[in-house]
Amino acid sequence: MADEKTKLLIIDDDPKVSWILREGLKSEYDIMTASDGIEGIQIASKEKPPLILLDIKMPGMNGLEVLKKLKKAGLPSDVIMLSGQGETETVVEAVQLGAFYFINKPFDVREVDLQLQKALERRGLIMKIDVMEQALVAKTAWDGFIGDSGRMIEIKNLIEQVADSELSVLIRGESGTGKEIVARMLHQLSSRRSHPFIKVNCAAIPRELLEAELFGYEKGAFTGAHKNKPGRFETANKGTIFLDEIGDMSFELQAKLLQVLEQQEFVRVGGIVSIKVDVRIICATNRDLEQAIYDRQFRDDLFYRLNEITVSLPSLRDRLEDVPLLVDHFLRKYGEVYHREHAHVSAACMAAMSEYNWPGNVRQLENLIKQLVVRQDEAVVFESIRNSPDAPTAERPARLARAGQGYTAPPSSAQSAVAVGDDKNFSLKDRLSRTIESEEKKLIAEVLRKTNWNRRKAAQILEISYRSLLYKIKEYRLNEVE
Ligand SMILES: Nc1ncnc2c1ncn2[C@@H]1O[C@H](COP(=O)(O)OP(=O)(O)OP(=O)(O)O)[C@@H](O)[C@H]1O
Ligand SMILES: [Mg+2]
């Protein structure tokens, strides 16, 4: 089968000119002709030819106006203008408007062909650059998503397969396993990447305000609605909306969300006009949605609509083989941030981390490495592991105990496994990191007291997930009687 020929549209009111061009070029191109501007625009919009030959002087709409309209419509064609004598100024304007080139009449068909070939060559180059750019974007995105274990490779493959589709993805996993990173990757690897990625944390926004936040509101819709406000769905148009903690959305709002997803349109709160948007939807949750459906807290019809693809992230304890990679990644990351480029960990410390059960998953590991880099002392790791309220798992009690109890503080920083160098003047950062922790502890304790230890409410006020709160309560050893 012969290669498909490139589409070429000729727009000229003079049938003789069109005929000459057609005869001279038909062996190379798939030719369409239009005898005036309006017909030309119609054909161009429908057929999207990569190449257009456009006469400047035509009755009705002239070539310049046609060119303006084609560019405004965002049509991807390269346009070569055909100009008569004495039209120099018009030609300059045409080139400024984005014409690829111009050819004076009378012309030699071979010259026309040469210019068409040049335009095609340039298109090829631009496409190549696009492909290279995309590959670069993908590579940079993957660079921040660490994991070589079997489970993670499966997940990377799945992300690659579904990223550029319209399928709705539900990301599941414990707190700190990387659900948000996955959502961002899905957006980055899709053709929506140059449009917005909008995150909405359904658990952090008070239930009664979430609808207005998502769908916007009209002036006067409720007390405090002083002006019209577009919602996140409108802001996300052409991009991706990431509904985090979807399990915390109220049952009533779930119904509206489902309706919006089915009809692809909605009205603002207090509004009457339907708004249409083109938004890809990604959700995440660490709640057991099947249980929530059973308990009639989550709609099963919405669940099926949101869950066309599930990405289930493993907890870190289920992929401990990735710990060294993650440690290296975070050492490099925070080494750069805090100018400790040579930070590293000892084999004993790495072993301890590779056997720990990480209740706070990658987030906990990341925080620990950050502290280690700032404080330049492996004791932070050993202490944190030893003091963890989470009992060691059945398979590794002895080793874990060894990791913690066998550790004694290094006699001097020179022997510390984290490179310290000669500069010991780090007291400010050290103090700062301790202060932040103690402030965090105080704040959490205060919010828990104020909410009467309603953990879900406290997590909402603190804008952290429920699980992170539980984890921090354990980490800081907060308890209700105090
Ligand atoms: N595979 C990974 N590679 C590199 N960093 C990761 C990875 N997974 C998670 N992280 C880091 O761990 C932290 C927590 O990740 P993220 O916010 O995506 O978790 P989450 O599952 O959304 O947690 P939560 O349920 O608490 O919101 C982030 O700082 C993220 O950069
Ligand atoms: Mg998250």
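**Exercise 1.** In which loop is the place of S165? Determine also which polar contacts its side chain makes.

*Solution.* The model considered here is predicted. Step one is to locate the residue: S165 belongs to the loop that runs between helix 6 (150–163) and strand 6 (169–172). Step two is to examine its side chain. A polar atom of the S165 side chain is 2.8 Å from the backbone oxygen of V162. The side chain of S165 also reaches the backbone nitrogen of L167, at 3.2 Å. Both distances can be set against the cut-off for a polar contact, which is 3.5 Å.

**Exercise 2.** Describe the surroundings of ligand 1 by residue, class, helix and domain.

*Solution.* Begin with the shell. Ligand 1 is surrounded by 21 residues, and the closest are I146, S175, G176, K179 and E366. Sorted by class, the shell comprises seven nonpolar, eight polar and six charged residues. Next, assign the shell to helices: at least two residues come from each of helix 7 (179–188), helix 13 (323–337) and helix 15 (361–375). Then turn to the domains. Domain 2 (144–314) and domain 3 (318–475) each contribute at least three residues to the shell. Finally, consider the site itself: the space taken by ligand 1 is the second largest pocket.

**Exercise 3.** Identify polar contacts of ligand 1 and state how much of its surface the protein buries.

*Solution.* Start with the side chain of E366, in which an N or O atom lies 2.7 Å from an oxygen atom of ligand 1. Proceed to the backbone. A polar backbone atom of G178 is 3.1 Å from an oxygen atom of the ligand, and a backbone N or O atom of G144 is 3.5 Å from a nitrogen atom of ligand 1. As for the surface, ligand 1 taken alone exposes 640 Å², of which the protein buries 88%.

**Exercise 4.** Locate P106 and Q376, and describe the backbone geometry at each.

*Solution.* First, P106 is found in the loop between strand 5 (101–104) and helix 5 (109–143). The peptide bond leading from K105 to P106 is cis, and its omega is near -10 degrees. Second, Q376 lies in the loop between helix 15 and helix 16 (379–387). Its phi is near 55 degrees, a positive value in a residue other than glycine.

Key:
Residues are numbered from 1 along each chain as its sequence is written. Chains are lettered from A and ligands numbered from 1 in the order in which they are written. This is a predicted model: local features need pLDDT of at least 70, side-chain atom pairs count only at pLDDT 80 or more; totals for chains, interfaces and linings use all residues. Side-chain values use heavy atoms; hydrogens and water are left out. A residue is near a molecule or strand if one of its heavy atoms lies within 4 Å of it. A polar contact is a pair of N or O atoms within 3.5 Å; within protein, one must be able to donate a hydrogen and the other to accept it, and residues adjacent in sequence count only if both atoms are side-chain atoms. Accessible areas come from the Shrake-Rupley method with a 1.4 Å probe; for residues, only the protein chains shown count as cover. On a 1 Å grid over the protein atoms alone, a cavity is a set of points where a 1.4 Å probe fits but cannot get out, and a pocket is an open set with protein on both sides within 12 Å along at least five of seven lines; lining residues have an atom within 4 Å of a point. A molecule sits in a cavity or pocket if more than half of its atoms lie within 2 Å of its grid points. Helices (H or I, at least four residues) and strands (E, at least two) are DSSP runs, numbered from the N terminus. Ala, Val, Leu, Ile, Met, Phe, Trp, Tyr, Cys and Pro count as nonpolar, Asp, Glu, Lys and Arg as charged, and the others, Gly among them, as polar. Domain bounds come from an automatic or database domain assignment.
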